[in-house]
Amino acid sequence: MVFPFWSEEADAQIHCADEWADYAPASIALDEFAQDWLAGMDEDDVLVGTNWDADLSGVEIEPMELAEELGYEVEESDEADETD
């Protein structure tokens with residue numbers, strides 16, 4: 001699964017049509033995106049789609065890889081290492 005994000009509202013707005021007509025772009029602070037969203041997406045094993053074009057074509061990247069590219073150090077979940 002891939003969740004798309006855009007760096008410009010106008011680019012995101014293009015996709016608010018047809019089955020997504022009821023949706024509207026919303027801003028997320030970069031710190032919140034990097035530290036909360038990307039960490040959660042990593043835990044959920046979801047990819048990030050960045051700045052897709054009108055045809056929904058673009059980059060798909062692992063959340064922690066994007067966090068590093070943005071200059072953030074986000075701790076990865078230790079769930080896989082935990083034992084009962």
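Let me begin with the largest pocket, which holds about 920 Å³ of space, and let me say straight away that what we are looking at is a predicted model. The lining of this pocket is made up of 26 residues, and those lying nearest its centre are Pro4, Phe5, Trp6, Ala12 and Ala26. Sorted by class, 19 of the lining residues are nonpolar, five are polar and two are charged. Several elements take part, since strand 1 (2-5), helix 1 (9-13), helix 2 and strand 2 (47-50) each contribute at least two residues to the lining.

Stepping back to the whole chain, we have three helices and three strands, and, read from the N terminus, these elements follow the order β-α-α-β-β-α. The protein chain has 84 residues, of which 24% count as buried, while its exposed surface comes to about 6,300 Å², with carbon and sulfur atoms supplying 43% of that area. If we take the contacts between residues at least 6 apart in sequence, 57% of them join residues at least 24 apart.

Now to the interior. The largest nonpolar core consists of twelve residues, namely Phe5, Phe33, Ala34, Leu38, Met41, Val46, Val48, Ile61, Met64, Leu66, Ala67 and Tyr72. At least two residues of this core come from each of helix 2 (30-43) and helix 3 (63-69), and helix 2 gives the most, with four residues.

Which residues does Leu38 touch, not counting residues up to four places away in sequence? They are Phe33, Val48, Pro63, Met64, Leu66, Ala67 and Leu70. I will close with Phe5, which belongs to the largest nonpolar core and is also among the residues nearest the centre of the largest pocket.

Key
Residues are numbered from 1 along each chain as its sequence is written. This is a predicted model: local features need pLDDT of at least 70, side-chain atom pairs count only at pLDDT 80 or more; totals for chains, interfaces and linings use all residues. Side-chain values use heavy atoms; hydrogens and water are left out. Buried means under 20% relative accessible area, exposed over 50%, partly exposed in between (1.4 Å probe, protein chains only). Contact means heavy atoms within 4.5 Å. Accessible areas come from the Shrake-Rupley method with a 1.4 Å probe; for residues, only the protein chains shown count as cover. A nonpolar core is a set of buried Ala, Val, Leu, Ile, Met, Phe, Trp, Tyr and Cys residues joined through side-chain atoms within 4.5 Å. On a 1 Å grid over the protein atoms alone, a cavity is a set of points where a 1.4 Å probe fits but cannot get out, and a pocket is an open set with protein on both sides within 12 Å along at least five of seven lines; lining residues have an atom within 4 Å of a point. Grid points are joined across faces, edges and corners, and a volume is the space filled by probe spheres set on the points. Ala, Val, Leu, Ile, Met, Phe, Trp, Tyr, Cys and Pro count as nonpolar, Asp, Glu, Lys and Arg as charged, and the others, Gly among them, as polar.
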